[in-house]
Amino acid sequence: MARHSIAGRSTVVGTTLRAGASLFAIASRRLVVREVGCSNTTTTAFAAALARFTNATGVGAGLTEAPWDLDTSPSGTGFAGHTADGGVGGVFRQVSIGAAIGSGWIWTFGDNGLVIPAGTANGLGIICPTGTGQIFDYYFDWDE
């Protein structure tokens with residue numbers, strides 16, 4: 001397996017159904033997520049959650065995926081903030097992000113990782129489960 005990453009700053013404020021950033025599989029390959037990080041860029045606290053998405057509705061601009069091994073090419077597709085509500089299928093993790101720039105959280109998923117099944121409608125996104133969130137910095141690390 002080869003490891004890949006996406007990282008950036010959200011381009012929209014997430015809501016309960018709109019991700020500030022997301023990662024989706026492709027039709028022919030599953031992804032195994034190893035780690036996701038989220039940190040505050042403001043001095044206002046907010047709630048952040050990592051949720052499964054069951055469709056890629058309203059995804060934002062595509063992100064540039066970075067392979068850890070330059071001899072490989074990532075198949076996963078990262079997206080900047082969603083512009084329309086998506087299909088949130090369930091929340092895996094939820095945390096409160098403190099009211100300080102740089103306050104954040106890292107979610108890790110052990111030996112087996114968190115699997116995103118093959119299929120372009122299958123993904124993960126960082127949402128605000130309590131309503132309206134903040135702009136945040138993020139990263140997703142995964143294996144293929």
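This report describes a predicted model of one protein chain and then turns to two residues at its C-terminal end, Asp143 and Glu144.

**The chain as a whole**

The secondary structure consists of 11 strands and 0 helices. Read from the N terminus, the order of elements is therefore β-β-β-β-β-β-β-β-β-β-β. The C-alpha trace spans about 40 × 25 × 25 Å along its principal axes. A compact globule of 144 residues would have a radius of gyration near 15 Å, and the value for the chain, 14 Å, agrees with this. Of the 144 residues, 44% count as buried.

Contacts between residues with a separation of 6 or more can be sorted by how far apart the partners are in sequence. Of these contacts, 87% join residues 24 or more positions apart.

The chain exposes about 6300 Å², and carbon and sulfur atoms supply 51% of that area. There are 8 positive and 10 negative side chains, and the centres of the two sets lie 7 Å apart.

**Asp143**

Asp143 is in strand β11. Its relative accessible area is 6%; this is under the 20% cut-off, so Asp143 counts as buried. Apart from neighbours within four places in sequence, Asp143 is in contact with Met1, Ala2, Arg3, Leu31, Val32 and Arg34. Two of these residues, Arg3 and Arg34, make polar contacts with the Asp143 side chain through their own side chains.

**Glu144**

Glu144 is placed in the segment after β11, a strand that covers 136-143. Glu144 has a relative accessibility of 13% and is buried because this value is under 20%. When residues up to four places away in sequence are not counted, Glu144 touches Met1, Ala2, His4, Arg29, Arg30, Leu31, Ser73, Pro74, Ser75 and Gly76. The C-alpha atom of Glu144 is separated by 9.8 Å from that of Ala25, although the two residues are 119 residues apart along the chain.

The side chain of Glu144 has a polar contact with the side chain of Arg29. A polar atom of the Glu144 side chain also lies 2.8 Å from the backbone nitrogen of Gly76.

**Polar contacts of the two side chains**

| Side chain | Partner | Distance |
|---|---|---|
| Asp143 | Arg3, side chain | 2.7 Å |
| Asp143 | Arg34, side chain | 2.7 Å |
| Glu144 | Arg29, side chain | 3.3 Å |
| Glu144 | Gly76, backbone nitrogen | 2.8 Å |

Key: Residues numbered from 1 in each chain as written. Predicted model: local features only at pLDDT ≥ 70, side-chain atom pairs only at ≥ 80, totals over all residues. Heavy atoms only, no water. Helix = DSSP H or I, 4+ residues; strand = E, 2+ residues; numbered from the N terminus. Buried < 20%, exposed > 50% of the residue type's maximum accessible area, 1.4 Å probe, protein only. Contact = heavy atoms within 4.5 Å. Polar contact = N/O pair within 3.5 Å; in protein donor to acceptor, adjacent residues only side chain to side chain. Rg over C-alpha atoms; globule rule 2.2 N^0.38 Å. Areas by Shrake-Rupley, 256 points an atom, 1.4 Å probe, with all protein chains shown as cover. Lys, Arg positive; Asp, Glu negative; His and termini not counted. Charge placed at Lys NZ, Arg CZ, Asp CG, Glu CD.
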